Amino acid sequence: MRPPAVFPDAERLAVAAATIVAETLRSPHALRLALAGGTTPKRCYALLAAMDLSWARATVLFGDERCLAPLDPETNFQIASELLRAACPATVHRIPGELGPEEAAAAYEPIVAAAPLDLVLLGIGTDGHTASLFPGNAALAATGYVVGVRNAAKPPPERVSFTFRALREAKRVVILAAGADKKEAVRRAFAGQVPAGMIEHAEWLVTADAR
């Protein structure tokens with residue numbers, strides 16, 4: 001993996017991530033973008049919502065979702081809702097997590113498989129998971145593009161996630177890591193010991209205290 005880009009704090013990391021998305025949106029072609037949940041991406045989304053950008057050619061997907069009701073504030077869809085209201089992208093594909101892991105994954109599979117993703121934003125958990133691909137979970141072995149996740153290591157235990165195949169076939173993957181509590185996970189990722197470190201072409205944006 002290439003060395004990470006290091007930023008002095010989470011705010012400047014979020015600005016850098018927002019800049020990457022903004023530059024991607026300036027393409028004259030139709031785009032497929034996948035968003036992540038979590039605190040660091042949420043700040044990036046707030047910055048993007050305030051920018052004068054055209055989302056008219058953008059299709060927005062989500063890299064994973066919790067199996068909760070659609071309006072639950074803990075869903076990744078709701079975490080990104082401020083951005084989606086401001087941006088009005090051409091198409092938004094919400095993961096229907098309320099259907100349960102397997103049924104939701106089956107519904108989302110053809111959407112993800114339809115074409116490569118131009119940009120995927122991801123975070124990393126303190127255990128080294130990314131999207132909802134957790135260390136040691138059976139979902140790591142999935143061969144399609146979307147997998148139902150059970151027995152996740154953090155609540156809620158039922159989730160839906162992109163697979164390694166979907167992430168590895170994406171044109172660009174950017175992983176955000178902010179905070180001293182992520183330092184060990186980042187170290188293990190760069191050693192190839194946790195799922196976040198198993199996407200070979202991923203670009204990393206990290207804060208100094210996470211490095």
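Which residue in E8 is the bridge partner of valine 149? It's arginine 159, and that pairing is a handy way into this structure, which is a predicted model.

Let's stay with the strands around that pair. E7 and strand E8 (residues 159-162) run antiparallel and are joined by 4 bridges. Glycine 148 also takes part in the picture, standing opposite valine 160 in E8. Over on E4, arginine 66 has arginine 159 of E8 as its bridge partner. E4 and E8 pair in the antiparallel sense too, over 3 bridges. Put these together and you get an open sheet of 3 strands in the order E4-E8-E7, with antiparallel pairing. Strand E4 (64-66) and E7 stand at the edges with a single partner strand each, so one side of each has no neighbour in the sheet. On average, and ignoring direction, neighbouring strands here are turned by 15° against each other.

If the words parallel and antiparallel are new to you, here's the background: the strands of a sheet pair through backbone hydrogen bonds, and they can do so in either sense.

Now look at the two faces of E8. Arg159 and Ser161 are on one side, Val160 and Phe162 are on the other, and all of them are buried, so both faces are covered. Helix H5 (residues 101-113) lies across E7 and E8, and it runs at about 165° to E7.

Next, find serine 132. You'll see it in the loop between strand E6 (119-123) and strand E7 (146-149). Is serine 132 buried or exposed? Its relative accessibility is 0%, and because buried means under 20%, serine 132 counts as buried. Its side chain has company, though. A polar contact of 2.7 Å links it to the side chain of aspartate 64, and another, of 3.2 Å, links serine 132 to the side chain of arginine 159. That's the arginine we started with, the bridge partner of valine 149. Leaving out residues up to four places away in sequence, serine 132 touches Asp64, Val149, Arg159, Val160 and Ser161.

Time for the other sheet. This one is an open sheet of 7 strands with parallel pairing, in the order E1-E10-E9-E6-E2-E3-E5. Its edge strands are strand E1 (5-7) and strand E5 (91-92), each of which pairs on one side only. Further in, E6 and strand E9 (residues 173-177) run parallel and are joined by 4 bridges. As an example, leucine 121 has valine 174 in E9 as its bridge partner. Helices pack on this sheet as well. H1 touches E1, strand E2 (31-35), strand E3 (58-62), E6, E9 and strand E10 (203-207), and its direction makes about 150° with that of E10. H5 packs on the sheet too, touching E2 and E3, with its direction at about 140° to that of E3. You've met H5 already, lying across E7 and E8.

H1 deserves a look of its own. Helix H1 (residues 10-25) has 16 residues and reaches 23 Å from its first C-alpha to its last, close to the 22 Å expected at 1.5 Å a residue. At its N-terminal end, aspartate 9 acts as a cap: one of its side-chain oxygens lies 3.3 Å from the backbone nitrogen of glutamate 11. The buried residues of H1 include Leu13, Ala17, Ile20, Val21 and Leu25.

What about disulfides? The count comes to 0. Why is cysteine 44 not bonded to cysteine 88? Their sulfurs are 18 Å apart, which is too far for a bond, because a disulfide needs the two sulfur atoms within 2.5 Å. Cysteine 44 counts as buried, at 0% relative accessibility, whereas cysteine 88 counts as exposed, at 55%.

Our last stop is proline 195, in the loop between helix H7 (183-190) and E10. With 2% relative accessibility, proline 195 counts as buried. Setting aside its neighbours within four places in sequence, proline 195 is in contact with Gly128, Thr130, Leu133, Phe134, Pro135, Leu140 and Phe164. For another reference point, take phenylalanine 62, which is 133 residues from proline 195 along the chain; the C-alpha atoms of the two are separated by 18 Å.

Conventions: Residues numbered from 1 in each chain as written. Predicted model: local features only at pLDDT ≥ 70, side-chain atom pairs only at ≥ 80, totals over all residues. Heavy atoms only, no water. Expected span 1.5 Å × (residues − 1). Buried < 20%, exposed > 50% of the residue type's maximum accessible area, 1.4 Å probe, protein only. Polar contact = N/O pair within 3.5 Å; in protein donor to acceptor, adjacent residues only side chain to side chain. Contact = heavy atoms within 4.5 Å. Pairing = 2+ DSSP bridges. Axes fitted to C-alpha atoms, helices over the stretch in contact; angles between N-to-C directions.
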